[in-house]
Amino acid sequence: MTRGALGTTAATHTSGAAVYRWEPPGLVHDLTIAEAITRIGNEVSGYARSRKTGDGGSSERIKAAQDLPDLRTAVYAALGRKARVRSV
């Protein structure tokens, strides 16, 4: 019923039809994992994680907090569509 309501039709394929697997580029794969780990960490902590300063490895925490935006920028620079013009 749902399929008909959405305007799609049932489809089948032959047993000899080729099936292809798409592998995303490495940077996209890394960004996806980093985003998932960050989201899980935020959900577990109730979005109350904070960056501490001072002794005890604070430079590592600050570096880790900067890595995700840097990775996003690298993915966009390498693979993003830059020729699009957005308009309303």
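Visitor: How many helices and strands does the protein have?
Guide: This is a predicted model, and read along the sequence it follows the pattern α-α-α. There are zero strands in the protein, and the number of helices is three.

Visitor: What percentage of the protein's residues count as buried?
Guide: To count as buried, a residue needs to be under 20% relative accessible area. The protein has 88 residues, and the share that counts as buried is 8%.

Visitor: And how much area does the protein expose?
Guide: Carbon and sulfur atoms supply 56% of the exposed area. The total exposed by the protein is about 8,100 Å².

Visitor: Let's look at helix H2. What is its reach from its first C-alpha to its last?
Guide: H2 covers residues 26-44, so to speak a run of 19 residues. At 1.5 Å a residue, 27 Å is expected. The helix comes close to that, with a reach of 27 Å.

Visitor: Which residues of H2 are buried, and how are they placed around the axis?
Guide: They cover an arc of only 95° around the axis of H2, which puts them on the same side of the helix. The buried residues are Leu31, Gly41 and Asn42.

Visitor: Which residues are exposed on the other side of H2?
Guide: Turn away from Leu31, Gly41 and Asn42, the buried residues of H2, and you get to the other side. The exposed residues there are Ile37, Arg39, Ile40 and Val44.

Visitor: Which residue with a positive phi follows H2?
Guide: H2 ends at residue 44. After the helix comes a residue whose phi is near 70°, and that is glycine 46.

Visitor: How many salt bridges does a search of the whole structure find?
Guide: One of them joins arginine 21 and glutamate 23, another joins arginine 72 and glutamate 35, and glutamate 43 forms one with arginine 39. The search of the whole structure finds three.

Visitor: Is arginine 21 buried or exposed?
Guide: Arginine 21 has its closest N and O atoms 2.9 Å apart in the salt bridge with glutamate 23. Its relative accessibility is 72%, and exposed means over 50%. Arginine 21 therefore counts as exposed.

Visitor: How many residues apart in sequence are the parts that arginine 72 and glutamate 35 tie together?
Guide: Their salt bridge has its closest N and O atoms 2.7 Å apart. Arginine 72 lies in helix H3 (residues 58-79) and glutamate 35 in helix H2, so the pair ties together parts whose separation in sequence is 37 residues.

Visitor: What are the relative accessible areas of arginine 72 and glutamate 35?
Guide: Both residues are described as partly exposed. For arginine 72 the value is 39%, and for glutamate 35 it is 28%.

Visitor: What separates glutamate 43 and arginine 39 along helix H2?
Guide: In their salt bridge, the closest N and O atoms are 2.9 Å apart. Glutamate 43 counts as partly exposed at 43% relative accessibility, while arginine 39 counts as exposed at 53%. Because they are four residues apart in H2, what separates them is about one helical turn.

Visitor: How far apart in space are valine 75 and histidine 29, C-alpha to C-alpha?
Guide: Valine 75 is found in helix H3 and is buried, with a relative accessible area of 12%. In sequence, valine 75 and histidine 29 are 46 residues apart. In space, their C-alpha atoms are separated by 9.9 Å.

Visitor: Which residue has its charged end over the ring of tyrosine 76?
Guide: The structure holds zero aromatic pairs, but the ring of tyrosine 76 does have a charge over it. That charged end sits 5.2 Å from the ring's centre, and it belongs to lysine 82.

Conventions: Residues are numbered from 1 along each chain as its sequence is written. This is a predicted model: local features need pLDDT of at least 70, side-chain atom pairs count only at pLDDT 80 or more; totals for chains, interfaces and linings use all residues. Side-chain values use heavy atoms; hydrogens and water are left out. Rings of Phe, Tyr and Trp (its six-membered ring) pair if their centres lie within 6.5 Å; planes under 30 degrees apart count as stacked, over 60 as edge-to-face and the rest as tilted. A charge sits over a ring if NZ of Lys or CZ of Arg is within 6 Å of the ring centre and within 35 degrees of the ring normal. Helices (H or I, at least four residues) and strands (E, at least two) are DSSP runs, numbered from the N terminus. Buried means under 20% relative accessible area, exposed over 50%, partly exposed in between (1.4 Å probe, protein chains only). Accessible areas come from the Shrake-Rupley method with a 1.4 Å probe; for residues, only the protein chains shown count as cover. The expected span of a helix is 1.5 Å times one less than its number of residues. The arc is that of the directions from the helix axis to the C-beta atoms. A salt bridge is a side-chain nitrogen of Lys or Arg within 4 Å of a carboxyl oxygen of Asp or Glu.
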